[in-house]
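Student: I'd like a close look at one part of this model: its largest pocket. Please start there and follow the elements around it outward.

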Amino acid sequence: MRSTGVHHVDLVVSSIERSLAFYTGLLGPLGFHRVSEVEGERGETIWYIGGPGSSVGLREAQSESEPYDRYRVGLHHIAFEAQSRADVDERADWLRTQDVELESEPQEYTYSPGYYAVFFYDPDRLKLEIVHLPGLTAA
C-alpha cells in the first residue's frame, strides 16, 4: 500500500494562545484553513489546523522540560510545502512582522535542483521551514 503522506503532526507548546495565533497566521496562506479541537488522552484540548492532506495539532505543555534542542532525540524540524517561490517569499515577509527568528533568508539550497526555502523558529524555538520544490506541487 502506498503512503499518501503524513496525516498530522502534534506539537507541544508553552502557550496555546500564542502558538495558535502564530500557526494559523503562518499556515493559512498555505491552505491550512480548518481549525478544530479534540480531547487528548489526558483530557487536554488539542487544536488541529487542517490543510491540504495534513494537519498540525497544538497542545499545551503539561510538564516542565529542558529548553528545546533539535539535536536531542526527537523532532529536528518541520517543512511546509509552498506552491511557489513567491509564496516562500511572502511567508518570509510575514515572519519578519512576528516576534520570531529567521535562521536564513529565502534562498536556493543544493539539496535538490530548485529547492527554495526559508528556515525559522516558532515562538517556542521549534525549527520550521517553508519550501518550494519545482515539480512536487500542483499548479
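Student: Which element gives the largest share of the lining of the largest pocket, and how many residues does it give?

Tutor: Strand β1 does, with 4 residues. Keep in mind that this is a predicted model.

Start with the pocket as a whole. The space in it comes to about 670 Å³. Two elements each give two or more residues to its lining: β1, which covers 8–13, and β4, which covers 55–60. The lining counts 25 residues in total. Nearest the centre are Val12, Val13, Ala61, Ser65 and Glu66. Now sort the lining by class. Charged residues number 11, nonpolar residues 9 and polar residues 5.

Next, the sheet that holds β1 and β4. It is an open sheet of 4 strands, with the order β1-β4-β3-β2. Its pairing is mixed. β1 and β2 are the edge strands, each pairing on one side only. On average, neighbouring strands here are turned by 25 degrees against each other, direction ignored. Step across the sheet from β4. Its partner β3 runs antiparallel to it, and 4 bridges join the two. In that pairing, glycine 50 stands opposite serine 55 of β4. One strand further on, β2 and β3 are antiparallel as well, with 6 bridges between them. There, glutamate 39 sits opposite threonine 45 in β3. β2 and β3 make a hairpin, and 5 residues separate them. Look at glycine 43 in that turn: its phi is positive, about 85 degrees.

Now the charges on these strands. Aspartate 10 and arginine 59 form a salt bridge, and their closest N and O atoms are 2.7 Å apart. Aspartate 10 belongs to strand β1 and arginine 59 to strand β4, so this pair ties together parts that lie 49 residues apart in sequence. How covered are the two partners? Arginine 59 has a relative accessible area of 14%, so it is buried; the cut-off for buried is under 20%. Aspartate 10 is partly exposed, at 28% relative accessibility.

Arginine 59 has another acidic partner. Glutamate 41 also forms a salt bridge with arginine 59, with 3.4 Å between the closest N and O atoms. This pair, too, links distant parts of the chain, 18 residues apart. Glutamate 41 sits in the loop between β2 (34–39) and β3 (45–50), while arginine 59 is in strand β4. Glutamate 41 has 68% relative accessibility and therefore counts as exposed. Put the pieces together: Asp10, Glu41, Glu44 and Arg59 are linked in a network of salt bridges.

How many salt bridges are there in the whole structure? The search finds 10. One of them lies between other elements. Glutamate 108 pairs with arginine 85, and the closest N and O atoms are 2.9 Å apart. Here strand β6 (residues 102–108) supplies glutamate 108, and helix α2 (residues 85–95) supplies arginine 85. These partners are 23 residues apart. Both are partly exposed: glutamate 108 at 45% relative accessibility, arginine 85 at 35%.

Last, set strand β8 beside this. β8 spans residues 127–132 and is mostly covered, with 6 of its 6 residues buried. Take its faces in turn. Lys127, Glu129 and Val131 are on one side, Leu128, Ile130 and His132 are on the other, and all are buried. What does β8 pair with? Strand β5, residues 77–81, runs parallel to it over 5 bridges. In that pairing, alanine 79 stands opposite glutamate 129. Strand β7, residues 116–121, runs antiparallel to β8, joined by 6 bridges. There, tyrosine 116 faces histidine 132. β7 and β8 form a hairpin too, with 5 residues between them. In that turn arginine 125 has a positive phi of about 70 degrees.

Back to your question, then. β1 gives the largest share of the pocket lining. This strand is also an edge of the open sheet. Its aspartate 10 reaches across to arginine 59 in β4 through a salt bridge.

Terms used. Residues numbered from 1 in each chain as written. Predicted model: local features only at pLDDT ≥ 70, side-chain atom pairs only at ≥ 80, totals over all residues. Heavy atoms only, no water. 1 Å grid on protein atoms, 1.4 Å probe; cavity = no way out; pocket = protein on both sides within 12 Å on 5 of 7 lines; lining within 4 Å. Points joined across faces, edges and corners; volume = space filled by probe spheres on them. Nonpolar A, V, L, I, M, F, W, Y, C, P; charged D, E, K, R; others polar. Buried < 20%, exposed > 50% of the residue type's maximum accessible area, 1.4 Å probe, protein only. Pairing = 2+ DSSP bridges. Salt bridge = Lys/Arg side-chain N within 4 Å of Asp/Glu carboxyl O. Axes fitted to C-alpha atoms, helices over the stretch in contact; angles between N-to-C directions.
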